Amino acid sequence: MRLLAQGRDSQVFALDGERVLRRYREARCTPREAAVMELVRANGYPAPRVHDLTPTDLVIDRVDGPTMAEDLTRRPWRMRAHARTLASLHHRLHDVVAPDWLRAPLGDGAVVLHLDLHPLNVILGRDGPVVIDWANAARGPGDADAALTWLLVLTGELDAGPVTRLVGRFGRKTFAGMFLRRFVRSSVLAHLDAAAAYRLADPNLRPSEVGPVRELLSRTTR
C-alpha cells in the first residue's frame with residue numbers, strides 16, 4: 001500500500017483508484033466514526049462513504065485533490081473564498097440533528113459537531129469540498145464547533161512542510177478573522193473556554209501548543 005498522508009494519530013494508504021485505508025495507530029471507536037459519516041452523508045453533507053472497518057482501520061472513498069490548506073499555500077489570494085467555504089461547511093453540518101449516542105464534550109446541544117473541521121481536513125475534490133477525519137465527531141452547540149476551529153487555526157502547529165507558510169502570524173490571524181465574521185462573534189466566543197479546555201485535554205497536543213492556547217484565552221474579549 002502506498003502512503004498518501006499521515007497525521008498525529010493515523011496514516012492514510014491508497015488501496016486502489018477508488019478507496020483509501022485510514023489506519024489508526026491505536027484501536028479507536030471506528031463503528032461510531034463510520035456511523036456519523038453515514039449519518040451526515042444521508043443528510044447531503046460531503047463526507048466519504050465507508051466501505052469497511054476494523055477496530056483500527058476504515059476503508060473509505062478516495063477523494064483526489066489538494067487540502068484547503070495546501071491550496072491556500074499555493075493560492076493565498078483565495079483566502080477569503082476558503083474562509084467562506086469553511087464557515088459554510090460548519091453551518092451545513094450544524095443543520096444535522098445528532099443522535100443521542102454521540103458524546104457531548106462541549107456542552108448541551110442537538111446538532112452534529114466535527115471538532116476538527118479546519119483547512120487540513122477539507123479536501124477540494126473534483127465535485128466540491130469533502131470533509132474528512134470524523135474521529136472526534138460529537139453532539140453539542142454548533143457555535144462551540146466554530147470556536148474550536150477558530151482556536152485551532154490560531155494556535156495549532158501544522159505539519160507537511162510548505163503548509164506551514166500558511167500559518168504565519170499574519171496569515172493565520174487574517175484567515176481566522178475572515179472565518180469568524182461568518183458567525184455571530186459573541187455567540188462563538190461564549191464557547192471559547194470550553195473549546196480551550198477540550199483542546200488542552202487532547203493527548204495529541206504538543207507541549208509547544210499549550211502556551212498559545214492559554215495566551216489566546218487570556219487576551220480574547222468574550
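## Salt bridges and helix packing in a predicted model

Arginine 75 and aspartate 71 are joined by a salt bridge in which the closest N and O atoms lie 3.1 Å apart. The structure is a predicted model, and the distances and accessibilities below are therefore computed from predicted coordinates.

### Salt bridges

The two partners of this pair differ in their surroundings, because arginine 75 is partly exposed at 34% relative accessibility, whereas aspartate 71 has a relative accessible area of 5% and falls below the 20% limit for a buried residue. The pair also belongs to a wider arrangement, since Asp71, Arg75 and Arg78 are linked in a network of salt bridges. In general, side chains of opposite charge can pair when their charged atoms come close.

Across the whole structure, a search finds 11 salt bridges. Three of them, including the one already described, are set out here with the closest distance from N to O.

| Arginine | Acidic partner | N to O distance |
|---|---|---|
| Arginine 41 | Glutamate 38 | 3.8 Å |
| Arginine 62 | Aspartate 64 | 2.9 Å |
| Arginine 75 | Aspartate 71 | 3.1 Å |

Arginine 41 and glutamate 38 both belong to helix H1, which spans residues 30–42, and they are three residues apart, or about one turn of the helix. Arginine 41 has a relative accessible area of 24% and is partly exposed, and glutamate 38, at 31%, is likewise counted as partly exposed. In the pair formed by arginine 62 and aspartate 64, arginine 62 is partly exposed at 24% relative accessibility, while aspartate 64 is partly exposed at 48%.

### A buried threonine in H1

Helix H1 also contains threonine 30. Is threonine 30 buried or exposed? With a relative accessibility of 1%, threonine 30 counts as buried, because the limit for a buried residue is under 20%. When its neighbours within four places in sequence are left aside, threonine 30 is in contact with Tyr24 and with a run of residues comprising Leu53, Thr54, Pro55, Thr56, Asp57 and Leu58.

### Helix H4 and its two partners

Two packed helices are described by the angle between their axes and the distance between the axes. Helix H3 (residues 79–93) and helix H4 (residues 142–155) have axes that come within 10 Å and cross at roughly 155°. This angle makes H3 roughly antiparallel to H4, because angles over 145 degrees are placed in that class. The crossing of these two helices is right-handed. H3 contributes Leu86, His90 and Leu93 to the contact, and H4 contributes Asp145, Ala146 and Thr149. By class, the residues of this contact divide into three nonpolar, two polar and one charged.

H4 also packs with helix H8, which covers residues 207–219, and here the axes come within 10 Å and cross at roughly 125°. H4 and H8 are therefore oblique to each other, and H4 passes H8 in a right-handed crossing. Which residues of H4 and H8 meet? On the H4 side they are Trp150, Leu151, Leu154 and Thr155, and on the H8 side they are Glu209, Pro212, Val213 and Leu216. The contact of H4 with H8 has six nonpolar residues, together with one polar and one charged residue.

How values were computed:
Residues are numbered from 1 along each chain as its sequence is written. This is a predicted model: local features need pLDDT of at least 70, side-chain atom pairs count only at pLDDT 80 or more; totals for chains, interfaces and linings use all residues. Side-chain values use heavy atoms; hydrogens and water are left out. Axes are lines fitted to C-alpha atoms, for helices over the stretch in contact, and angles run from 0 to 180 degrees between N-to-C directions. Helices (H or I, at least four residues) and strands (E, at least two) are DSSP runs, numbered from the N terminus. Angles under 35 degrees count as roughly parallel, over 145 as roughly antiparallel, 65 to 115 as roughly perpendicular and the rest as oblique. A crossing is left-handed if the near helix is turned anticlockwise from the far one by less than a right angle, and right-handed if clockwise. Contact means heavy atoms within 4.5 Å. Ala, Val, Leu, Ile, Met, Phe, Trp, Tyr, Cys and Pro count as nonpolar, Asp, Glu, Lys and Arg as charged, and the others, Gly among them, as polar. A salt bridge is a side-chain nitrogen of Lys or Arg within 4 Å of a carboxyl oxygen of Asp or Glu. Buried means under 20% relative accessible area, exposed over 50%, partly exposed in between (1.4 Å probe, protein chains only).
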